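Let's take a walk through this fold, from the whole chain down to a single loop residue.

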Amino acid sequence: GVKILTSTRKIYVTRKLPEDIEARLAKHFDVRSWDEEDKPVPRETLLEEIKDVDGLFCMITETIDEEVLQAGKRLKVVANMAVGHNNIDVETATANGITVTNTPDVLTETTADLAFALLMASARRLVETSDTLQKGEWGAWSPMQFTGQDVFGQTLGIVGLGRIGEAVVKRAKGFDMDVLYYSRTRKKDKESELDIAYAELDRLLEKADFVMLLLPYSSESHHLIGQRELALMKENAILINASRGGIIDEDALYQALANDEIWGAGLDVYEQEPVPTDHPLLTLSNVTAVPHIGSASVKTRRAMADLAVDNLIQVLDEKEAVTPVNL
Ligand code: DGY
């Protein structure tokens, strides 16, 4: 028979993916990939590989800046396997006609689960006390030993009421919490629907027993929580961050925690990732720290990868992206 040559569309994938998802990609594209599971592609390799591809499948570990976008002479789409896209210069991509896509919705509930788990783990000192037990330092039961903070019936302040914020509200309501929220644009319709109240950031910080950050990272939200903001928080308050590390001034957070100005912090994200093991925050017993696992359930990570594949297929078939982020 006659072999019809469909135009070969080339893509580059920046990490090892589950085999069936790689197979899905291979059905549609000429695929090259960085084959390591745990190590990001070196920048020089990415700059080389990007030169002749039509699409890029990348992660938050890659910085897709102007240099990378310029090097991608044929590049039409950058599919990020994450909802956050602060690792990509979307403005330059847009100016160059490159579609950028992310993976919203599929990770909402999973990330809300982790954010709430981090809240509970911090409040009840799960990690710290488990470590103590394992080290044989339990001692004897005593009246105030290992005491933490209540969750049920307390006040939660959510900064950034997007999809994940709303999903956290549902969990908080099951714990009879009063929920305050702050977001750049007030969402009045949500207030009665979800039984939550709007508060300016300063007032939220003053009132909340738990402050949870669930907003995107940008130059606007960089160090949104610094010394001044931490000083507004209650002494028994716990700060939870499951969005991006750069939203908090980590030096200021260290000071506030070390001086017992706030009670604790539950962190999934850091300004530098992986967070260096000698980072001051990791020396504090009132910090519960996990390694950026918000979306890390098997089902959700697979759904994120599949959505990134769907986006590549759509754009390279000259159809609308499923979840574009370009304005
Ligand atoms: C995201 O999706 O933005 C997370 O940080 C990675 O899952």
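Of the 327 residues in the protein chain, 39% count as buried, meaning that 20 or more other C-beta atoms, placed from the backbone, lie within 10 Å of the residue's own (12 or fewer makes it exposed, in between partly exposed). Keep in mind that this is a predicted model: local features need pLDDT of at least 70, side-chain atom pairs count only at pLDDT 80 or more, and totals for chains, interfaces and linings use all residues. Numbering starts from 1 along each chain as its sequence is written.

As for secondary structure, the protein chain has twelve helices and twelve strands; these are DSSP runs numbered from the N terminus, H or I of at least four residues for helices and E of at least two for strands. The C-alpha trace spans about 80 × 50 × 35 Å along its principal axes.

The protein chain splits into domain 1 (10-104 + 298-316) and domain 2 (108-289), with bounds from an automatic or database domain assignment. Their C-alpha centres sit 32 Å apart. Four residues from domain 1 and six residues from domain 2 make up the contact, where contact means C-beta atoms, placed from the backbone, within 7 Å.

Now zoom in on Ser219, in the loop between strand S9 (210-213) and helix H10 (227-232). Is Ser219 buried or exposed? Ser219 counts as exposed, because it has 7 C-beta neighbours inside 10 Å. Ser219 and Lys188 are 31 residues apart in sequence, and their C-alpha atoms are 26 Å apart in space.

Key
Contact = placed C-beta atoms within 7 Å.
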